[in-house]
Amino acid sequence: MLYVLVSDATGELELSGSRAELYAFGRQVRAGLGETALSHVTDPAPYSRSLSRVTFGQAETAAVIAVLADGETLEVRGGPEALAVLATNIEGFAQESDPSDHLHLEYPGHAYLSEESDPLVLAFDRESTPS
């Protein structure tokens, strides 16, 4: 169950899933093409809402992770080098982190991200990831 939650108050996003789902997400980021449907979370507290899909695209910029104006879609786009670094971070988290860990990906802390990016937290879906 891969999902993205949004805090309307802070603009922070949380991307959660199993190890396999997060690793596959990293592979999609690296490719920079296509889209993925997300699972809906009925009660996203402490977040405000859950998104329905992610689109991936390529551009000649630093990586951008942002909610589109439709309020339902997360866009991940950027140049090949920036997307490769972002993908490496996601894949590494999925493979090596403890199930209770999380990873903050935000500008300016990560130079490959554009200042247009919304802050993103990676986490494991506790229901699908054994502890």
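## E35 and its partner R53

In this predicted model, E35 counts as partly exposed, with a relative accessibility of 49%. Its side chain meets that of R53 in a salt bridge, at 2.7 Å from N to O. The pair links distant parts of the chain: E35 belongs to strand β3 and R53 to strand β5 (residues 53-58), 18 residues apart. R53 is partly exposed as well, and here the relative accessible area is 28%.

## A network around E91

Let's turn to the helices. Which residue forms a salt bridge with E91? The partner is R30, and the N to O distance is 2.6 Å. This contact also links distant parts of the chain, since E91 sits in helix α2 (residues 80-96) while R30 sits in helix α1 (residues 19-31), with 61 residues separating them.

Are the two residues buried or exposed? E91 is buried because its relative accessible area, 7%, is under the 20% cut-off. R30, at 30% relative accessibility, counts as partly exposed. There is a third member to look for: R27, R30 and E91 are joined into one network by salt bridges that share partners.

## R49 and D8

The structure holds six salt bridges. Another one of them pairs R49 with D8, whose closest N and O atoms are 2.9 Å apart. R49 is in strand β4, whereas D8 is in the loop between β1 (3-6) and β2 (13-17); the two are 41 residues apart, so this pair too links distant parts of the chain. For R49, the relative accessibility of 26% counts as partly exposed.

## The β6 and β7 hairpin

Strands β6 (residues 64-67) and β7 (residues 73-78) run antiparallel and are joined by four bridges. If you would like a landmark along this pairing, A66 stands opposite E75 in β7.

Five residues lie between the two strands of the hairpin, and G71 takes a positive phi near 75° there. For context, most residues other than glycine have a negative phi.

## Two cis prolines

Where are the cis peptide bonds that involve P46 and P108? One joins A45 and P46, with omega at about 10°. P46 lies in the loop between β3 (34-37) and β4 (49-50).

The other joins Y107 and P108, and its omega is about 15°. You will find P108 in the loop between β8 (102-105) and β9 (120-124). Both are worth a look in the viewer, as most peptide bonds are trans.

Technical notes: Residues are numbered from 1 along each chain as its sequence is written. This is a predicted model: local features need pLDDT of at least 70, side-chain atom pairs count only at pLDDT 80 or more; totals for chains, interfaces and linings use all residues. Side-chain values use heavy atoms; hydrogens and water are left out. Two strands pair if DSSP finds at least two bridges between them. A salt bridge is a side-chain nitrogen of Lys or Arg within 4 Å of a carboxyl oxygen of Asp or Glu. Buried means under 20% relative accessible area, exposed over 50%, partly exposed in between (1.4 Å probe, protein chains only).
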